[in-house]
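Colleague: I would like to learn how to read the spaces, the packing and a few single residues in a model such as this one. Could you take me through them in turn?

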Amino acid sequence: MTRTVYAGIIGLGRMGRRHLEAFRRIEGLVVGACCDARSEALKFLDDSGITCRQYTDWRDMLKEESFDVLSVVTNGPSHAAITIQAAKVGVPRIVCEKPMATSVKDALGMIEATQTSGARLAINYSRRWSDDYRGLKESIRQGTIGDLCHFYFVCGGGLLACNGSHFFDLLRFISDSEAISATAYIDKRGSPNPRGREFNDPGAYGILRLKNGVRGFLDMYEDLGVQPRMEIVGSLGRVIIDEVNNSWSVESREEKDRTEPLGKYDLPVNRRPFPSRPLDVVDLLLKTVEEILDKGQISCTGIDGLAALQMIMGFHVSDMEGNRPVALPIPKKFEGLRVNFT
């Protein structure tokens, strides 16, 4: 960098502190100001010996400060208002946490505001910046497991939008296709949200149909207490991903059997590990910030964030409509539907 880059962070919870750490690793970047409505969160700065201007109201911060890059790391319901205002006051680069908004209408407003101002907007679906997931996508494209057929994701604890939206984004990213319908059941047991009673992010299970014929199956019902696991299934094999234990493996038909009929499902397979590294959230954020500071393509744009949100909201609309299939993007009459997830 040839000049000092000034950064700001709104939201200093656990994820906000990861953004702070990523910023501080970039030479020539200065974190000029941080904001959090909670005084105890700002105390973290003092306790850590981090000197920057502190605010408890993001409106005041955007009025008083001038940033080259801003991270929006608050809970979901405030993402849109902050991002839109940041674009209006001229912040040229914005990194917003996922899910990008709590309604499709708000997400569209964020995209419009940043396009109007010319701001570069990145939505932090962090796996987009992972060399392992990029390598996996290329391996699947080359036919390692045959023709791509379906994705399956299971995870305990509910939180469809907070945790499940990573799966929705990966589904699009790896398949290179768009979801065209959702059929879903939302868990009604009403488990308390870990971030507070004001938030609502229930579990769910359902099916997504993609334009290229790939199917996506997700089960995050709240009667599950299992670790997250994803299977990507092709006509000739599958990839099994266990991020928690950093265990990735590929199994596929032996080369001599790849032209045999698919109905011979009992043919032997080769099982082998897929090289991977534990996900380092700060390292991935570092790549995100470096990318948005550059002038090239952004790996996860507002359009990508909107597509993941459409799938989340498609699950909710399907449940509201008697669990019937709902076309995606969701019908315009539901664009204002708001779910207070984080």
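Modeller: Let us begin with an enclosed space: Glu-243, Asn-246, Trp-248, Arg-277, Pro-278 and Leu-279 line the largest cavity. This is a predicted model, in which local features need pLDDT of at least 70 and side-chain atom pairs count only at pLDDT 80 or more, while totals for chains, interfaces and linings use all residues. Residues are numbered from 1 along each chain as its sequence is written, and side-chain values use heavy atoms, with hydrogens and water left out.

Colleague: What counts as a cavity or a pocket, and how many cavities of 30 Å³ or more does the structure hold?

Modeller: On a 1 Å grid over the protein atoms alone, a cavity is a set of points where a 1.4 Å probe fits but cannot get out, whereas a pocket is an open set with protein on both sides within 12 Å along at least five of seven lines; lining residues have an atom within 4 Å of a point. Points are joined across faces, edges and corners, and a volume is the space filled by probe spheres set on them. The structure holds 1 cavity of 30 Å³ or more, and the largest cavity encloses about 30 Å³.

Colleague: Which residues lie nearest the centre of the largest pocket, and which helix gives the largest share of its lining?

Modeller: Of the 46 residues that line this pocket, Arg-14, Met-15, Lys-98, Cys-162 and Arg-195 lie nearest its centre, and the space amounts to about 1,400 Å³. Helices (H or I, at least four residues) and strands (E, at least two) are DSSP runs, numbered from the N terminus. Helix 7 gives the largest share of the lining, 5 residues, and helix 1 (14-24), strand 11 (229-234) and strand 12 (237-242) are among the elements that each supply at least two.

Colleague: How is Thr-342 placed, buried or exposed, and which residues does Thr-342 touch?

Modeller: Buried means under 20% relative accessible area, exposed over 50% and partly exposed in between (1.4 Å probe, protein chains only), while contact means heavy atoms within 4.5 Å. Thr-342, in the segment after strand 15 (326-327), is buried because its relative accessibility is 4%. Not counting residues up to four places away in sequence, Thr-342 touches Asn-75, Gly-76, Lys-98, Pro-99, Cys-162, Asn-193, Arg-195 and Phe-199.

Colleague: Where are the buried residues of helix 2, and what covers them?

Modeller: An α-helix has 3.6 residues a turn, so residues three or four places apart point the same way. In helix 2 (residues 39-47) the buried residues are Ala-41, Leu-42 and Leu-45. Seen down the axis, they fall within an arc of 95° (taken from the directions from the helix axis to the C-beta atoms), so they line one face of helix 2. Their cover includes helix 1, strand 2 (29-35) and strand 3 (53-55), whereas Ser-39, Glu-40, Asp-46 and Asp-47 are exposed on the other side of helix 2. Just after helix 2, Gly-49 takes a positive phi of about 70°.

Colleague: Which residues have the most contacts inside the largest nonpolar core?

Modeller: A nonpolar core is a set of buried Ala, Val, Leu, Ile, Met, Phe, Trp, Tyr and Cys residues joined through side-chain atoms within 4.5 Å. The largest has 75 residues, and those with the most contacts inside it are Leu-136, Leu-208, Ile-232 and Phe-315. Apart from this core lies another, of 24 residues, among them Ala-7, Ile-9, Val-95 and Leu-286.
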